[in-house]
Amino acid sequence: MKIFNSIQEFNKVKDDLGKLSFIPTMGNLHRGHTSLVDIAKQFNNKIIASIYVNKLQFNDNNDYLRYPKTLDADIKLLEKHGCDYVLIPDDSILENIQTIKAPLKSQKLCGKNRPGHFDGVLTILNEFFRIIGPDIVVFGKKDYQQFILVRDFINDNNLNIKIIGGNTIRESSGLALSSRNNLLSDQEKVIAAKLYEALNDIESQKSNLDLNFVNSKKDYLESFGINIDYLISCDPESFQESYDIKNKDLLIAIAAYVGKVRLIDNLKLTKL
């Protein structure tokens, strides 16, 4: 596996690398990330991952500073799973960067209480797309809103990139794998597993889907000391609140704080 520690180093050999499948990451990698490498292996391209903690997408500087960094372990994990290249740029990637404004639907769900978050995501991804020129990009669907916004950005700008989504990988408890899980105590991990439990309960009783039912699950989670940012049933494209499960598929999405750690998860509900 070849490691590029700067964009300049990457640019020297870029034209010789052929078609690339790209997996953008912020490091502190886990089985969720390696599952994306496994998806990328299904294609004939070489696989390139990036490791860069993008300060543009953090609206809380303390959150940015606390983000776990495990570079040596990340490199070993990517190599073990058959990644071909890793690009690890420094903050010079932000110099003269073109700022991208995310569309209005970015202000729903995670964007509602994290102003500018998806502007930062799309801004850095646009720069990586420009630098790497990937044929394919692979994203996890745990952050479903991000997946949709990136897909739309690629389509709206006629970028010649195929986007592929990977299903959420979970711990045995059901807790969605996340780099932030490392910040949870053992007891908090037990509590955090309640998020997926609540999503499953909604899914199993989707014929009862309405605002009161969703709010009852919110109350249940809050009884464990979980601070809910949002728990919503919505259209999976527009993120508009919806309970019309008889006529269309819906997304149940949640963001919540367990202790000081913000976690997200979602489940797709197929229409009745």
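# A guided tour of the chain

Before selecting anything, note that 54% of the 272 residues of the protein chain count as buried, and that the model being viewed is a predicted one.

**The whole chain.** Display the protein chain as a cartoon, which should show nine helices and nine strands. With the view aligned to the principal axes, the C-alpha atoms fill a box of roughly 60 × 40 × 35 Å. A compact globule with 272 residues would have a radius of gyration near 19 Å, and the protein chain has 19 Å, which agrees. Among the contacts with a separation of 6 or more, 71% are accounted for by residues 24 or more positions apart. Switching to a surface, one has about 13,000 Å² exposed by the protein chain, with carbon and sulfur atoms supplying 45% of it. If the charged side chains are coloured by sign, there are 35 positive and 35 negative ones, and the centres of the two sets lie 2 Å apart.

**Helix H5.** Next select residues 117–132, the 16 residues that form helix H5. At 1.5 Å a residue this helix should span 22 Å, and its end C-alpha atoms are 23 Å apart, so the expected and modelled spans agree. Is H5 mostly covered or mostly open? It is mostly covered, since 15 of its 16 residues are buried, buried being under 20% relative accessible area. Step one position beyond the helix to reach Gly-133, which follows H5 and has a positive phi, near 60°.

**The loop leading to H5.** Now move back to the loop between strand E4 (85–87) and H5, where Asn-96 is found. Phi of Asn-96 is near 55°, a positive value in a residue other than glycine, and Asn-96 is exposed, with a relative accessible area of 81%. Leu-109 lies in the loop between E4 and H5 as well, and its phi, near 45°, is again positive in a residue other than glycine. Is Leu-109 buried or exposed? With a relative accessible area of 7%, Leu-109 is buried, because buried means under 20%.

While this loop between E4 and H5 is on screen, pick Gln-98, which also lies in it. Leaving aside residues up to four places away in sequence, Gln-98 touches Thr-123 and Asn-126. A distance label drawn from Gln-98 to Leu-71, C-alpha to C-alpha, should read 27 Å, for a pair that is 27 residues apart in sequence.

**Asn-181 and its surroundings.** Select Asn-181 next, in the loop between strand E6 (162–166) and helix H7. Asn-181 is buried, with a relative accessible area of 3%. Which residues does Asn-181 touch, not counting those up to four places away in sequence? They are Glu-171, Leu-175, Ala-176, Lys-189 and Leu-263. For a pair separated further along the chain, label Asn-181 and Val-261, which are 80 residues apart in sequence but 7.9 Å apart in space, C-alpha to C-alpha.

**Helix H8.** Finish with residues 194–204, helix H8, in which Lys-194, Leu-195, Tyr-196, Ala-198, Leu-199 and Ile-202 are buried. Showing these side chains together with the elements around them, one can follow how the buried residues of H8 pack against two helices, H7 (186–192) and H9 (211–222), and against strands E7 (227–234), E8 (250–258) and E9 (261–269).

Key
Residues numbered from 1 in each chain as written. Predicted model: local features only at pLDDT ≥ 70, side-chain atom pairs only at ≥ 80, totals over all residues. Heavy atoms only, no water. Helix = DSSP H or I, 4+ residues; strand = E, 2+ residues; numbered from the N terminus. Expected span 1.5 Å × (residues − 1). Buried < 20%, exposed > 50% of the residue type's maximum accessible area, 1.4 Å probe, protein only. Rg over C-alpha atoms; globule rule 2.2 N^0.38 Å. Contact = heavy atoms within 4.5 Å. Areas by Shrake-Rupley, 256 points an atom, 1.4 Å probe, with all protein chains shown as cover. Lys, Arg positive; Asp, Glu negative; His and termini not counted. Charge placed at Lys NZ, Arg CZ, Asp CG, Glu CD.
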